[in-house]
Amino acid sequence: MKAVNWEAPARVEYETALAASPYPNEFRQTITDALEAIASGRMTYTKVPRTPTRECCLITPPYSIIYTETDFEIRVWAFPHHKRRRGYWKNRLP
């Protein structure tokens, strides 16, 4: 399984969302399950146009996981709520 590494702004977005969640344990488990599926290769999500990233769009909670994948790691670049402006995170990419 590949390592999962978070960029600092994405980690802050995740922790803020987790703190605001009325069901933090379920929220954390949903995100953990999604990241494990990505890291193990069981799931591959659609590419975000004009970027090297992919987007794992969750329904409950209404968040997405924006990530890139290499042979050795999954790097999470953003954890946007579905109501946020699309692509606001693109300036974080190298």
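**Glu13, an aromatic cluster and the overall fold**

Student: Which residues does Glu13 touch, not counting those up to four places away in sequence?

Tutor: Leaving out residues up to four places away in sequence, Glu13 touches Ala78, Phe79, Pro80, Arg84, Tyr88 and Arg92, where contact means heavy atoms within 4.5 Å. This is a predicted model, in which local features need pLDDT of at least 70, side-chain atom pairs count only at pLDDT 80 or more, and totals for chains, interfaces and linings use all residues. Residues are numbered from 1 along each chain as its sequence is written, and side-chain values use heavy atoms, with hydrogens and water left out.

Student: Is Glu13 buried or exposed?

Tutor: Glu13 counts as buried, at 12% relative accessibility; buried means under 20% relative accessible area, exposed over 50%, and partly exposed in between, with a 1.4 Å probe and protein chains only. Glu13 is found in helix H1, residues 8-20.

Student: And what's the overall layout, read along the sequence?

Tutor: The chain follows the pattern β-α-α-β-β-β, with 2 helices and 4 strands (DSSP runs numbered from the N terminus, helices being H or I with at least four residues and strands E with at least two). Its radius of gyration is 12 Å, close to the 12 Å that the globule rule gives for 94 residues, so the chain is as compact as a globular protein of that length. That radius is taken over C-alpha atoms, and the globule rule is 2.2 Å times the number of residues to the power 0.38.

Student: How much of the chain is buried, then?

Tutor: Buried residues make up 39% of the 94 residues. As for contacts with a separation of 6 or more, residues 24 or more positions apart account for 47% of them.

Student: Switching to rings: how many aromatic pairs are there?

Tutor: A search of the whole structure finds 7 aromatic pairs, a pair being rings of Phe, Tyr or Trp (its six-membered ring) with centres within 6.5 Å; planes under 30 degrees apart count as stacked, over 60 as edge-to-face and the rest as tilted. One of them joins Trp6 and Tyr14, whose ring centres are 5.1 Å apart and whose planes are at 35°, so this pair is tilted. Both Trp6 and Tyr14 are buried.

Student: What about Phe27 and Tyr63?

Tutor: They form an edge-to-face pair, 5.7 Å centre to centre with 85° between the planes. Phe27 lies in helix H2 (residues 24-40) and Tyr63 in the loop between strand S2 (54-57) and strand S3 (64-69), so the pair ties together parts that are 36 residues apart in sequence. Phe27 is buried, with a relative accessible area of 5%, and Tyr63 counts as buried too, at 14%.

Student: Which residues form the aromatic cluster?

Tutor: Trp6, Tyr14, Phe27, Tyr63 and Phe79 form one cluster.

Student: OK, now Ser64: where is it, and what does it touch?

Tutor: Ser64 is found in strand S3 and counts as buried at 1% relative accessibility. Not counting residues up to four places away in sequence, Ser64 touches Glu55, Cys56, Cys57, Ala78, Phe79, Pro80 and His82.

Student: Which residues does the cis peptide bond join?

Tutor: That bond joins Thr60 and Pro61, with omega at about 5°, and Pro61 sits in the loop between S2 and S3.

Student: And what is the phi of Arg50?

Tutor: Arg50 has a positive phi of about 60° although it is not a glycine. Arg50 lies in the loop between H2 and S2 and counts as exposed, at 81% relative accessibility.
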